[in-house]
Amino acid sequence: MTPCPEGWREKVDPDIAALVTCDPWPEGGQQSCAEDEAHFPGGPGCERIGPPCPDGEWPAEIPADARVLYVRAGEPEGGDGTRERPFGWISEAVADASDGDVIALSKGLFDEEVRIDRAVTLLGACVLETRIAPSETGAQPAALTLRAATVVRNLQVGGAGPGIDALETNGTAELDSVLVREATKVGVNVGSRATIDAMELAIRETASGLIEPRLEAGVGLDASGGAQVRLERAAIERSIRRGVRARDEGTALAAAGLVVADTQYGWGVAALGGAQVTLRRTVVEVERGQVIGVGVEDQGTALMAENLVLSGDGLSASGGARVTLDRSEVAGCEAVGVWALGEGTVLTAADLVISDTLPQESDGTFGVGLSVTAAALVTLERAVLER
């Protein structure tokens with residue numbers, strides 16, 4: 001399993017001294033972080049998402065070579081977008097903006113739904129103190145709807161409906177140092193062949209908005225309809241139903257430095273319907289006995305994982321899906337650590353450790369490290385199944 005990725009530490013197995021795995025967290029484990037922080041795999045501890053909040057109300061660094069439109073929540077009508085007379089609504093700035101402009105947001109709460117259909121930069125003062133969160137749902141599909149190659153930076157999104165909606169973005173939209181918190185039904189929704197690049201993205205407490213929270217809503221990140229999603233250093237935590245869901249033929253999701261944790265009723269990561277998912281340096285931690293940690297289903301669906309650490313509940317591949325695991329660890333799961341099920345399902349693993357699989361708490365059955373059933377095919381090269 002060594003050498004470990006940068007920032008990960010070597011961990012010696014308690015029973016097999018020659019077996020060394022790679023721990024993504026420092027001594028003491030993953031840290032609990034403040035609202036505007038995250039602990040990414042391989043990091044020494046909590047890190048601020050984006051820059052610190054400035055002393056004043058405006059972003060500390062505003063590009064000098066672009067036209068800038070200023071927006072301050074609560075300003076009276078009649079502003080012209082200058083720093084001296086800012087707009088009071090983001091929608092006013094969008095209507096006045098052209099491709100290449102910067103819309104600079106002050107600190108404060110923007111209680112509005114925002115739709116951006118041009119290639120501008122939406123720049124907050126900081127993640128902690130600039131928030132777009134409509135108190136009521138309206139005509140737009142989300143608090144922040146992107147329909148162009150927009151750059152969103154240094155702010156947070158949430159509110160009564162979905163957080164960020166990106167469909168047919170007509171170019172690559174970028175999310176840089178963005179927190180989506182307490183959105184409803186879906187935190188970030190990407191579809192219809194849209195492309196999203198995200199760096200230092202956190203999605204937390206995505207609620208279902210339904211009386212029965214076990215139903216399908218409550219997804220942190222949903223990619224569908226041929227979407228292309230790339231994540232670098234992302235934390236998706238405390239979603240009600242799914243942490244990450246990638247579905248449909250043509251959809252591709254690639255993540256590095258991702259942590260998915262504390263999904264309550266569903267799957268940590270779900271790949272379905274022909275989607276292609278690549279996970280590198282990824283941690284999936286779910287509550288034991290409640291969910292599937294990683295679920296891969298359907299003909300044409302593929303998961304490739306390298307340096308995957310999965311705990312709480314295991315990995316399930318079924319329905320003709322294909323899974324490739326390299327240098328990965330599945331630990332402390334209930335019932336089954338890794339399960340390959342059904343004709344056409346293929347799982348290939350090299351340097352795999354499955355350990356400490358527990359029986360099912362409800363009736364004491366199972367407790368199986370690796371289960372291969374119903375004509376699935378599994379190939380292992382250098383694997384340890386223990387305890």
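**Exercise 1. Which side chain does Arg233 meet in a salt bridge, and which strands hold the two residues?**

Solution.
Step 1. Find the partner. In this predicted model, the side chain of Arg233 meets that of Glu200 in a salt bridge, at 3.0 Å from N to O.
Step 2. Place both residues. Arg233 lies in strand 18, residues 228-237, and Glu200 lies in strand 16, residues 195-204. The two are 33 residues apart in sequence, so the salt bridge ties together separate parts.
Step 3. Check the cover. Arg233 has 23% relative accessibility and counts as partly exposed. Glu200 has 15% and is buried, because buried means under 20%.
Step 4. Recall the principle. Side chains of opposite charge can pair when their charged atoms come close.

**Exercise 2. Where do Arg67 and Asp101 sit, and is each one buried or partly exposed?**

Solution.
Step 1. Confirm the link. Arg67 and Asp101 form a salt bridge, with the closest N and O atoms 2.8 Å apart.
Step 2. Locate the ends. Arg67 is in the loop between strand 4 (47-48) and strand 5 (68-71). Asp101 is in the loop between helix 1 (90-96) and strand 6 (102-105). The pair links distant parts of the chain, 34 residues apart.
Step 3. Read the accessibility. Arg67, at 39%, is partly exposed. Asp101, at 7%, is buried.

**Exercise 3. Are Asp165 and Arg147, partners in a salt bridge, buried or exposed?**

Solution.
Step 1. Start with the distance. The closest N and O atoms of Asp165 and Arg147 are 3.0 Å apart.
Step 2. Place them. Asp165 belongs to strand 13, residues 164-167. Arg147 is in the loop between strand 11 (144-146) and strand 12 (151-157). They are 18 residues apart.
Step 3. Apply the cut-off. Buried means under 20% relative accessible area. Asp165 has 6%, so Asp165 is buried. Arg147 has 18%, so Arg147 counts as buried too.
Step 4. Widen the view. The structure holds 30 salt bridges. A network of them links Asp13, Asp15, Asp356, Glu386 and Arg387.

**Exercise 4. Which residues stand opposite each other in strands 25, 27 and 29?**

Solution.
Step 1. Pair strands 25 and 27. Strand 25 (residues 315-318) runs parallel to strand 27 (residues 336-341), over four bridges. Ser316 has Trp339 in strand 27 as its bridge partner.
Step 2. Go on to strand 29. Strand 27 pairs in the parallel sense with strand 29 (residues 368-373), over five bridges. Here Trp339 stands opposite Ser371.
Step 3. Set this in the whole chain. The protein chain has one helix and 30 strands.

**Exercise 5. Which residues have the most contacts inside the largest nonpolar core?**

Solution.
Step 1. Name them. They are Leu122, Leu175, Leu221 and Leu315, in a core of 74 residues.
Step 2. Find another core. Apart from the largest lies one of 18 residues, among them Met1, Val127, Ala261 and Val353.
Step 3. Look around Leu175. Beyond neighbours within four places in sequence, its contacts include Leu146, Val152, Ile164 and Met199.

**Exercise 6. Why does the radius of gyration agree with a compact globule?**

Solution.
Step 1. Take the expected value. A compact globule of 387 residues would have a radius near 21 Å.
Step 2. Compare. The protein chain has 22 Å, which agrees.
Step 3. Add the box. The C-alpha atoms fill roughly 70 × 40 × 35 Å along the principal axes.
Step 4. Add the burial. Buried residues make up 55% of the 387 residues.

Definitions and conventions: Residues are numbered from 1 along each chain as its sequence is written. This is a predicted model: local features need pLDDT of at least 70, side-chain atom pairs count only at pLDDT 80 or more; totals for chains, interfaces and linings use all residues. Side-chain values use heavy atoms; hydrogens and water are left out. A nonpolar core is a set of buried Ala, Val, Leu, Ile, Met, Phe, Trp, Tyr and Cys residues joined through side-chain atoms within 4.5 Å. Buried means under 20% relative accessible area, exposed over 50%, partly exposed in between (1.4 Å probe, protein chains only). Contact means heavy atoms within 4.5 Å. Two strands pair if DSSP finds at least two bridges between them. The radius of gyration is taken over C-alpha atoms; the globule rule is 2.2 Å times the number of residues to the power 0.38. A salt bridge is a side-chain nitrogen of Lys or Arg within 4 Å of a carboxyl oxygen of Asp or Glu.
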